[in-house]
Each structure stands twice: as C-alpha cells, then as structure tokens.
Amino acid sequence: MRPTQLSVAALSLLLAFSAHAGQPATPAAMAAYADKLLDEQKLDRGGPGVTVLVARGNQLLYKGARGMASIELGVPMQADQLMRIGSVTKQFAATTLLKQIDEGKAKLDDPLSKFLPDYPNGSKITVVQLLNHTSGVKSYTGIAGYMGNPIRRDLSTAELVKEFKDQPVDFAPGEQWAYNNSGYVLVGAVIEAIAGKPWYQQLDAALLQPARIGAVHFPEGDKLFKGMAQGYTLNAQGEVAPAGFLSMTQPHAAGALIANTEGLWRWNQALHGGKLISAASYARMTTPEGPAKPRNYGFGIATGTLRGQPMLSHGGGINGFVSALNYLPQSQTTVVILRNSDGPGFSTDGVARKLAAFAIGEPFVDRKAVAVAAEQLKSAEGVYAIDERQVRTLSVQDGVLVSQRAGGMTSPLTPLGNDRYTFPDQMTDLQIERGADGKAVAVNLFSDGGSKPERWARTGDAPVARTFIKLSAAQQQVLLGSYSAPEFSIKVFMDEKNGRLMGQAPGQPAFELKASTPRRVHVTEVDAQLDFSPEDGKATSVTLTQGGGKLVMPRKD
C-alpha cells in the first residue's frame with residue numbers, strides 16, 4: 001500500500017497553523033487562516049464582497065478582499081475599497097466632541113440647552129447622556145415609516161433635529177439605556193454649535209488631518225470618491241439588488257462616514273494610542289457608566305472581552321453596507337471587516353472575533369458535528385430562562401436542535417457530543433445539564449471558550465409545533481397593505497414569483513408570513529405573530545406579538 005500523503009498546500013497550511021498555536025500569529029499564518037475563514041463563508045465570487053484587515057500595532061498581518069465592488073460593471077473588490085461604515089461613525093463624532101471638551105469649550109455634564117437653547121427639555125439632557133445612549137430622546141430611525149421616503153431627503157442639521165425633537169421621549173434623561181441615533185445627531189449638532197462649522201469638517205480639521213488619516217471621509221453629495229464600492233441588499237425574492245436610497249445628510253454623526261480598512265486601522269492606532277484626546281477623556285469614553293454600564297457601552301464604543309482579553313469594538317449597518325471595527329488593547333490588535341451588502345450570508349461579527357483570536361495566539365478550535373440520536377435531541381427540548389425577560393426555547397426542527405430567544409432569531413445548534421452543542425459562528429457553546437433521572441434541568445452557555453457558564457433553568461416544555469395552512473388568494477388579498485404605529489411599521493405583500501405571503505419592516509429583509517389561521521400569521525425566524533382585525537373583510541389593523549409585548553398597527557393605505 002502507498003503511504004498517505006498530504007498535498008504541499010495542505011501541509012503548508014497545517015504547519016502554518018500549528019507552528020503559531022499559543023503565540024501571536026505571523027503574517028504568513030494569519031493570511032492562511034484568514035483565507036480559510038473566508039472560504040468557509042462561501043461568498044459568491046460574483047456577488048457582493050468584503051474587505052478584511054488584521055494588524056498588530058504598526059505591523060500589518062493581513063489585508064484582503066473577496067467578491068465584487070460593482071456587480072453591474074464586473075469590478076472585483078479590492079482591499080482598499082471605500083465603503084459606508086454606518087454606526088462606527090459614532091466613535092469619530094464622540095472623539096471630536098471630547099477633543100472640544102479637552103480644549104475647555106464644553107463639559108460632559110453641560111446641558112444640551114447650552115448649545116441648542118430651543119430643544120425641548122434640553123436643560124435636563126446632558127452631553128454625556130447623548131454620548132452613551134441614556135438621553136431618552138426618540139431615535140428618528142425608529143419613527144414609523146421614516147426609513148421609507150423621509151430618509152431620502154437632503155436635510156440640514158436643524159431640519160433633521162426638527163424631525164424628532166417634538167416626538168414623545170422613551171424615558172426621562174439618565175433613567176435607562178436605549179441605542180439612539182438621534183442622540184448622535186445631537187452630538188453632531190453640539191460639535192457644530194461649538195465649532196461654527198459642519199461636524200465632519202471639525203472632525204477632519206481637529207483629528208483626521210493632524211493624525212494623517214486620509215481614508216475616512218464624509219460623502220458630500222457633490223463629490224466623487226475614488227474607489228467607492230456599490231452597496232447591495234436582497235429583494236423580496238431573495239435576489240441581490242441595489243441598496244435602498246438614502247440621503248447621506250441624514251445618518252449624520254450617527255452613521256454617515258465612509259472609509260477603507262486601512263483608514264480604520266490608522267484611526268484605531270491614533271485613538272487608542274493616546275494621540276487624539278486626553279487620557280482622562282479616553283478613560284471616560286471606554287468606561288461604561290450609569291444605565292450604560294450593564295450594556296457595556298461607553299461613548300461610541302462597546303466594551304467586552306475576547307479569549308480573556310479586553311476588547312473595544314463597534315459595528316455598523318446602513319443601507320447596502322455592514323462594518324466591524326475591533327481593538328484589543330493588550331496586544332494592540334486591530335480587526336476591520338467591511339462588506340458591501342446589508343443582506344444575510346456573511347457572519348461579520350463571528351469572522352472578526354475568530355480573526356482576532358487567531359492573531360493573539362488564542363484561536364478557536366474548529367469543531368466538527370457528531371451524530372446524535374433523535375431521542376437525545378428530543379430530550380433536550382424545553383423552555384429555559386434566567387428571568388421572566390430572558391427566555392429561550394430549544395426545539396427539534398427537521399431533525400436539528402434549534403435555539404430561539406424570545407423575540408429573537410432561530411439558531412441551529414451543532415452537536416459536539418456528550419450533551420454539548422455550539423452556535424455556528426458565535427463562539428458560544430451550550431451544555432445540557434441533566435438531573436439524576438436523566439432529564440434536562442438547565443442549559444449552560446459558555447462564551448468565547450470560557451469556563452464560567454451562564455445558567456438557564458428549565459421552566460417548562462417546548463410549545464407544540466405549529467401547523468400551518470395555505471391561504472387562498474382571496475384570504476391573502478384582504479391582508480395585503482401597509483400598517484404603522486409610532487414605534488414600528490410593516491408592509492404585507494405577495495412574492496408573486498414564489499406565491500408567498502411576505503412581511504417587511506423598513507430597512508429590514510423580507511420574511512415569509514406563515515398562516516396558522518386565515519387571520520393569524522407567524523414570522524418563525526424571529527418568533528413573531530401577526531393578528532389581523534376584524535375577523536371578516538379587509539383587514540384594518542394588525543397586532544404584533546413578540547417577546548412578551550404587543551403593538552397594534554392601523555392600516556395606512
């Protein structure tokens with residue numbers, strides 16, 4: 001018999017990985033691992049793409065690209081392509097305002113009314129509350145119908161503030177935490193009130209130019225930016241389509257910037273290297289406080305850990321684009337991922353975390369699924385909870401054990417054996433805990449390969465699987481239309497190509513609506529239920545039930 005032989009490529013890959021396990025990655029090892037991860041994502045080479053950068057301090061470990069920058073023109077993605085970075089913009093705006101504070105032009109506890117005298121209740125809202133999402137002001141992107149036609153208009157800062165300033169507040173200033181794009185529009189407005197110029201011009205003059213960061217820009221509508229990628233989404237039929245249009249005046253200081261991976265790497269070096277703001281301001285920026293502390297949110301930066309090391313990060317999502325910017329201070333490691341599609345199909349956060357873990361020499365071990373008997377899967381079914389708000393259900397669907405948090409997406413679990421499962425691309429394991437009688441009594445979640453679990457006690461049996469029915473054309477027709485409330489809106493329409501009833505919220509992908517009765521449909525992916533009223537004739541309202549809450553939305557067409 002001939003001895004088994006590895007190909008030269010496979011042997012090189014194996015040696016590259018094994019030689020650097022337990023120690024920081026070399027550029028060669030990093031490149032091999034990054035290419036492997038991107039291959040596993042199975043991106044369509046002719047579809048939307050990604051750019052990726054990994055660096056340690058001043059050393060570039062990997063920079064690459066996959067997919068297309070322009071599908072229509074057949075232009076492949078290049079590593080230095082510019083893309084929208086969405087909410088990663090927030091840390092740029094926060095740093096700009098902190099620079100003004102360092103210069104004595106404002107204080108974190110200054111009231112908003114000092115800069116915008118006519119803003120309702122502005123004397124009770126502080127600058128720090130705008131920065132850490134505790135102001136309670138209404139986020140304009142959550143106003144019903146706003147992400148449709150209203151987001152397409154070119155607006156000045158004053159005009160944009162007028163869109164939300166008289167909306168009912170979500171809570172009194174400083175009482176709670178809620179992610180808030182309006183808060184960062186107001187951050188931009190404060191910057192402008194102090195500087196006497198647009199917020200992005202102040203950012204450029206005070207921070208980007210002195211630090212020689214050239215690949216971060218505000219996309220002014222009358223200018224061209226060489227290397228700007230086209231943005232994409234998925235239409236109701238699941239096909240790649242151009243991203244929905246919006247005026248880039250409206251994301252404002254909450255999400256309007258464009259950049260490439262190199263520009264964001266240089267930004268990380270400058271910000272976290274102490275070159276932009278004082279040590280005191282940086283400490284406030286990266287230390288969550290008050291109601292923001294349980295949410296691990298500072299000023300435009302989220303705090304967390306990866307493989308036991310502190311990690312500072314933020315993601316972004318905007319029409320046609322998704323971004324991730326991570327930084328590990330202990331090793332000065334930067335990971336950047338930019339993608340020119342807002343549709344599903346690429347695990348931005350999962351890939352970013354895996355790349356960072358490999359870079360610091362603490363890679364996540366690839367695990368393979370093992371066969372588990374159907375009875376074993378069935379015995380894990382049930383409802384598990386930490387408290388009345390944090391509830392998840394395990395159920396077997398099509399022979400696969402699936403986890404779904406109340407109001408959240410379903411996630412198939414990969415069995416590893418011995419009652420242990422893993423969430424694909426999330427670096428989180430789930431261990432079934434059984435009592436003396438062999439019955440499941442809890443599930444324990446282990447994040448990032450850690451040893452301290454989060455315990456979810458079993459509280460009951462999993463709900464009986466729903467039986468869905470096929471609606472007639474007449475039954476479907478009376479449900480079609482747009483429904484809206486101040487908090488949320490949804491359009492119900494037909495996917496004519498596939499004959500499916502669909503639902504879509506502004507700025508979100510469309511989901512199939514599956515009927516259990518002629519007037520009740522379900523979005524199984526997010527555990528949501530829609531009940532249409534009245535019982536007969538054309539529906540005049542719909543009630544959304546999700547995550548223990550209910551919302552009535554009247555018909556708007």
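**Exercise 1. Decide whether Ala539 is buried or exposed in this predicted model, and describe its surroundings.**

Solution. Begin with the cut-off, which is that a residue is called buried when its relative accessible area is under 20%. Ala539 has a relative accessibility of 1%, and therefore it counts as buried. Next, place the residue in the chain: Ala539 belongs to the loop between strand 29 and strand 30. Then look at what surrounds Ala539: when its neighbours within four places in sequence are set aside, its contacts are Val478, Leu479, Tyr483, Arg519, Phe532, Ser533, Pro534 and Arg555. For one of these, Tyr483, the separation can also be given along the chain and in space, since Tyr483 and Ala539 are 56 residues apart in sequence while their C-alpha atoms are separated by 9.8 Å.

**Exercise 2. Find what kind of peptide bond links Ser533 to Pro534, and where Pro534 lies.**

Solution. The omega angle of the bond from Ser533 to Pro534 is near 0°, and the bond is cis. Pro534 itself sits in the loop that joins strand 29, residues 528-533, to strand 30, residues 541-546. Both Ser533 and Pro534 appear among the contacts of Ala539.

**Exercise 3. Work out which side of helix 5 is buried, and what that side packs against.**

Solution. First list the buried residues of helix 5, which are Thr157, Leu160, Val161 and Phe164. These residues cover an arc of only 100° around the axis, which means that they lie on the same side of helix 5. The face turned away from this buried side carries the exposed residues Ala158 and Lys162. As for partners, the buried residues of helix 5 pack against helix 6 and against helix 8, residues 252-255.

**Exercise 4. Describe how helix 5 and helix 6 are packed, giving the angle, the distance and the residues in contact.**

Solution. Two packed helices are described by the angle between their axes and by the distance between those axes. For helix 5 (residues 157-164) and helix 6 (residues 181-195), the angle is about 145° and the axes are 10 Å apart. The crossing of helix 5 past helix 6 is left-handed. On the side of helix 5, the contact is made by Thr157, Leu160, Val161 and Phe164, and on the side of helix 6 by Ser182, Val185, Leu186, Ala189 and Glu192. Sorted by kind, the residues of this contact are six nonpolar, two polar and one charged.

**Exercise 5. Trace strand 11 through its pairings with strand 10 and strand 12, and say whether strand 11 is enclosed.**

Solution. Start with strand 10 (residues 302-306), which pairs with strand 11 (residues 309-318) in the antiparallel sense over five bridges. Within this pairing, Thr303 stands opposite Leu312 of strand 11. The two strands form a hairpin with two residues between them, and in its turn Arg307 has a positive phi of about 50°. Strand 11 then pairs with strand 12 (residues 321-328), again in the antiparallel sense, over seven bridges. Here Ser313 has Asn326 of strand 12 as its bridge partner. Strand 11 and strand 12 likewise form a hairpin with two residues between them, and Gly320 in the turn has a positive phi of about 90°. Finally, count the burial: seven of the ten residues of strand 11 are buried, so this strand is largely enclosed by the rest of the structure.

**Exercise 6. Establish the order of the nine strands in the open sheet, and then examine Asp398 and Asn418.**

Solution. The nine strands follow the order 17-16-15-14-22-21-20-19-18, and their pairing is antiparallel. The edges are strand 17 (410-412) and strand 18, each of which pairs on one side only. Neighbouring strands of this sheet are turned against each other by 30° on average, with direction ignored. Taking one pairing in detail, strand 15 and strand 16 run antiparallel and are joined by six bridges, with Val396 opposite Leu401 of strand 16.

Turning to the loops, Asp398 lies between strand 15 (391-397) and strand 16 (400-405). Asp398 has a positive phi of about 55° although it is not a glycine, and because its relative accessibility is 84%, it counts as exposed. Asn418 lies in the loop between strand 18 (414-417) and strand 19 (420-423). Asn418 also has a positive phi of about 55° without being a glycine, and its relative accessibility of 76% makes it exposed.

Conventions. Residues numbered from 1 in each chain as written. Predicted model: local features only at pLDDT ≥ 70, side-chain atom pairs only at ≥ 80, totals over all residues. Heavy atoms only, no water. Helix = DSSP H or I, 4+ residues; strand = E, 2+ residues; numbered from the N terminus. Buried < 20%, exposed > 50% of the residue type's maximum accessible area, 1.4 Å probe, protein only. Contact = heavy atoms within 4.5 Å. Pairing = 2+ DSSP bridges. Axes fitted to C-alpha atoms, helices over the stretch in contact; angles between N-to-C directions. Left-handed = near helix turned anticlockwise from the far one by under 90°. Nonpolar A, V, L, I, M, F, W, Y, C, P; charged D, E, K, R; others polar. Arc of directions from axis to C-beta.
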